[in-house]
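Notebook open, structure loaded. I want to go through how the chains meet and how some of the helices and strands pack.

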Number of protein chains: 2
Amino acid sequence: MQNFIFENPTKIIFGKGTIGRIGSEVKQLGTNVLLVYGQGSIKTNGVYDQVMTSLREAAVTVVEFPGVKSNPVLSHVLKGIELARAERVDVIAAVGGGSVIDTAKTIAAGVMADPGDDIWDFFTYKKKICGALPLLTVLTISASASEMNAAAVITKEDGAQKYSIRSPYIQPKTSILDPTVLFSLSPAYSAYSAVDAITHMLEGYFNNTEPDGILQDRLVEGLMKTIMESTERILEDPHDYKARANMMWATTLAFNGLTTAGMGMIALPAHMIEHSLSALYDIPHGAGLSIILPGWMSYALPKKPVKFARLAREIFDVIDSDDIRAGAAGINRLKQWFSFIGSPVSLDEADIPADDIGKITENAFALSRVWGLKDYGREVIAEIVENCKGRQTV
Amino acid sequence: MQNFIFENPTKIIFGKGTIGRIGSEVKQLGTNVLLVYGQGSIKTNGVYDQVMTSLREAAVTVVEFPGVKSNPVLSHVLKGIELARAERVDVIAAVGGGSVIDTAKTIAAGVMADPGDDIWDFFTYKKKICGALPLLTVLTISASASEMNAAAVITKEDGAQKYSIRSPYIQPKTSILDPTVLFSLSPAYSAYSAVDAITHMLEGYFNNTEPDGILQDRLVEGLMKTIMESTERILEDPHDYKARANMMWATTLAFNGLTTAGMGMIALPAHMIEHSLSALYDIPHGAGLSIILPGWMSYALPKKPVKFARLAREIFDVIDSDDIRAGAAGINRLKQWFSFIGSPVSLDEADIPADDIGKITENAFALSRVWGLKDYGREVIAEIVENCKGRQTV
């Protein structure tokens with residue numbers, strides 16, 4: 001195991017009927033809250049009313065900032081910072097999924113930056129985050145684990161750059177996870193959530209610098225099985241509480257630092273390339289990942305056959321004793337499963353023209369330089385994207 | 001999944017060569033530290049020197065409080081509180097295993113109590129802990145997970161009561177886990193550590209109020225396999241860093257709230273009865289648990305055959321399709337494994353007379369009332385202890 005620091009202070013309030021606690025939790029951190037949310041789905045599923053009632057009962061002043069879209073954009077974040085400053089909010093509450101939470105995180109850090117600072121410098125690592133307003137979340141889409149980690153991803157429209165920040169200052173103080181909120185999540189987004197969480201874990205599983213991570217491997221495998229089973233039950237019955245609850249907690253644990261602690265440096269090449277798809281075509285992150293991940297796996301299989309074979313045997317009960325063949329079978333089975341739950345597994349299915357491979361490669365290559373993934377030059381990236389063109393198996 | 005709150009803010013600094021960070025970590029919380037440690041093993045394995053050098057470099061004033069014994073006692077805690085008050089310490093550092101950390105936790109809370117308060121009232125739940133000095137730990141025995149939880153266990157000699165407290169105030173702020181420190185841990189204590197951590201998890205696995213904890217079950221099974229494999233490697237080579245590291249992190253995760261979050265109320269009947277063995281005979285906690293746990297399992301098997309069969313199949317690859325028979329086979333295999341690693345599995349082996357079953361039962365029954373385990377009356381406890389007399393299998 002590599003040396004590591006593990007510190008995850010977010011308080012999780014989990015379960016049915018917990019949204020009403022948001023008011024008292026906010027009240028402990030401030031009196032004037034910026035309420036960040038999305039395109040209004042929380043007004044149809046009852047979450048908005050529950051949150052507002054609770055905040056009102058706690059006598060907190062609310063400044064609303066709606067309109068976050070999936071693949072959230074910098075221009076909207078900048079408006080949020082401006083509003084937060086003008087209204088002198090002292091705490092931020094995000095009610096939504098990863099896009100809303102990431103927008104709120106960036107606003108929280110942005111408000112504390114010098115007014116002359118270019119917020120985008122945080123994303124290109126030119127400037128360091130030195131503080132943030134306290135942030136709380138009410139989670140409505142389980143996938144990103146942003147509710148219990150220190151990262152945020154934002155797209156700068158100009159240049160189509162989907163980049164990320166990471167700082168303990170933007171880690172939520174409290175997150176409320178009520179699985180009943182997920183009952184109204186569409187089958188498509190329920191599937192994308194599973195893809196996202198599985199990809200988070202598999203990037204750590206395969207792309208670490210620790211050769212002997214048996215403890216962490218088992219955590220990943222246990223969570224992955226749980227996510228797969230839960231997703232299948234959810235697609236049969238969107239109101240299956242147990243499945244929604246297992247899914248909600250498993251996706252949080254999938255990317256809150258638990259499965260990667262001790263695994264050394266983690267690279268996220270599938271995320272890196274997917275960011276280009278989202279940035280260029282505005283497709284849902286999970287849908288982009290189910291296209292890219294199998295393509296990346298096919299590229300990486302010959303480099304790590306033992307580990308790919310392990311995944312195939314543990315998750316898909318593949319019995320082939322040859323590691324390469326077993327690994328390839330596992331990749332095919334994962335791809336089939338992504339298809340089965342309704343997430344695309346080729347550029348074709350997402351209506352992304354094969355002619356665009358050069359453009360996608362160039363965009364991803366720029367991010368590979370920012371993230372320091374020096375093994376991912378243009379040729380490698382192009383090879384991976386090429387693997388993602390059609391539905392053919394490994 | 002049951003509703004739950006998960007909050008575990010302890011910062012873990014893990015790995016080779018991390019002990020030197022204790023000074024700067026202490027310095028962030030205070031300037032006058034009470035250094036709590038045990039019977040002096042840290043002076044022979046080099047840990048004491050590393051800690052003192054680091055504290056000196058951080059210009060922290062050190063008040064030493066050594067002499068904690070395993071199964072730590074109230075009278076010693078009271079001396080620590082007196083010393084901490086007299087020297088006006090503002091932070092506490094525990095360098096040791098669970099006994100040292102639990103002593104330090106109780107001192108931390110005791111210092112902040114009213115001088116007229118009876119500290120034991122915290123343990124009988126007559127009084128609530130309302131504050132504590134900040135606590136840091138340098139872990140030298142991995143077993144209790146006290147380094148990353150909010151609990152402490154202390155024995156009151158008068159009356160032979162081994163009772164516990166739990167409060168977020170006594171949760172360590174920072175814990176330093178350097179696996180190389182474990183190289184000098186004896187085979188016996190390495191084995192007892194494994195027993196303790198496994199028992200922590202199995203109590204949650206079997207004694208919860210949530211019928212469908214598949215996510216948590218898998219976490220337990222993954223950690224348990226890792227602990228068993230690591231212990232076998234450690235007994236072959238005490239300097240196996242990978243095995244010591246996996247063991248150190250797995251035992252922390254085994255009782256830091258992770259595997260029980262969402263499982264409802266957790267009862268600890270094996271711990272309850274073991275506390276009587278430790279209180280009455282001063283045997284190591286792990287040794288007591290390897291005697292009691294299989295006896296409790298034999299008692300509980302007919303009540304939860306499906307779950308016992310699951311453990312047998314997942315951990316020991318038992319293939320019997322009959323749940324009761326599979327469960328019994330699993331219990332036997334666990335008992336054999338405890339024996340194999342050198343931990344006793346009968347009262348006999350620990351030189352505890354069979355005639356004392358009445359005395360043990362009476363002591364455990366008193367604790368069952370304090371802990372509210374109303375299913376554990378005198379008859380049930382006596383039946384379980386009876387199961388622990390000899391080495392016979394289920």
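Which residue of β1(B) is the bridge partner of A:F6? I looked it up, and the partner is B:I12. Note to self: this is a predicted model.

**Entry 1: the strand pair across the chains**

I followed that bridge along the two strands. β1 of chain A covers residues 4–14, and 7 bridges join this strand to β1(B). The two strands run antiparallel.

Next I asked what sheet this pair sits in. I traced an open sheet of 12 strands with mixed pairing. Starting in chain A, the order is β3(A)-β2(A)-β4(A)-β5(A)-β8(A)-β1(A), and from there the sheet goes on through β1(B)-β8(B)-β5(B)-β4(B)-β2(B)-β3(B). At the edges I find β3 (61–65) of chain A and β3 (61–65) of chain B; each has a single partner strand, so one side of each is left without a neighbour in the sheet. I also noted the twist, which averages 25° from one strand to the next.

I picked one pairing inside the chain B half to check. β4(B), residues 91–96, and β5(B), residues 135–139, pair in the parallel sense over 5 bridges. There, B:G96 stands opposite B:L139 of β5(B).

**Entry 2: how the copies are related**

I superposed the copies. A turn of 180° with a shift of 0.0 Å along the axis lays chain B on chain A, at an RMSD of 0.0 Å. The two copies are thus related as by a two-fold rotation axis. Which C-alpha of chain B is nearest that axis? I get B:P9, at 2.0 Å from the axis. B:P9 belongs to the stretch 4–14, which is β1 of chain B.

**Entry 3: the interface**

I went on to the whole contact. Chain A gives 29 residues and chain B gives 29 residues. On the chain B side, the elements that give two or more residues are β1 (4–14), α8 (214–236) and α9 (241–253). The largest share comes from β1(B), with 9 residues. Sorting this side by class, I have 14 nonpolar, 8 polar and 7 charged residues.

Why do I say the copies meet through the same surface? Because 100% of the interface residues of chain B are also interface residues in chain A.

**Entry 4: α8 against α8**

Now the helices at that interface. α8(A), residues 214–236, packs on α8(B) at an angle of about 160°, with the axes 9 Å apart. The two helices are therefore roughly antiparallel to each other, and the crossing is right-handed.

I listed the residues that meet. From α8(A) I have A:I214, A:L215, A:R218, A:L219, A:G222, A:K225 and A:T226, and from α8(B) I have B:I214, B:L215, B:R218, B:L219, B:G222, B:K225 and B:T226. By class this contact divides into 6 nonpolar, 4 polar and 4 charged residues.

**Entry 5: α8 and α9 inside chain A**

What else does α8(A) pack on? I checked α9(A), residues 241–253: the two axes come within 9 Å and cross at roughly 145°. This crossing is left-handed. Among the residues of α8(A) that meet α9(A) are A:L223, A:I227, A:S230 and A:I234, and A:T226 is there too. A:T226 is also in the list for the contact with α8(B). From α9(A), the residues include A:A243, A:M247, A:A250 and A:L253. The class count here is 7 nonpolar, 5 polar and 2 charged.

**Entry 6: α10 and α14 in chain A**

One more helix pair. The axes of α10(A), residues 269–281, and α14(A), residues 357–371, come within 8 Å and cross at roughly 125°. The two are therefore oblique to each other, and I read the crossing as right-handed. From α10(A) I noted A:M272, A:I273, A:L277 and A:L280, among others, meeting residues of α14(A) that include A:I360, A:A364, A:L367 and A:W371. The contact has 9 nonpolar, 4 polar and 1 charged residues.

**Entry 7: a hairpin in chain A**

Last stop: β6(A), residues 151–156, and β7(A), residues 161–166. These strands run antiparallel, joined by 6 bridges. A:A152 has A:I165 as its bridge partner in β7(A). The hairpin has 4 residues between the strands, and I noted that A:G159 takes a positive phi near 100°.

Methods:
Residues numbered from 1 in each chain as written. Chains lettered and ligands numbered in written order. Predicted model: local features only at pLDDT ≥ 70, side-chain atom pairs only at ≥ 80, totals over all residues. Contact = placed C-beta atoms within 7 Å. Nonpolar A, V, L, I, M, F, W, Y, C, P; charged D, E, K, R; others polar. Pairing = 2+ DSSP bridges. Least-squares fit on C-alpha atoms with pLDDT ≥ 70 in both. Axes fitted to C-alpha atoms, helices over the stretch in contact; angles between N-to-C directions. Parallel < 35°, antiparallel > 145°, perpendicular 65-115°, else oblique. Left-handed = near helix turned anticlockwise from the far one by under 90°.
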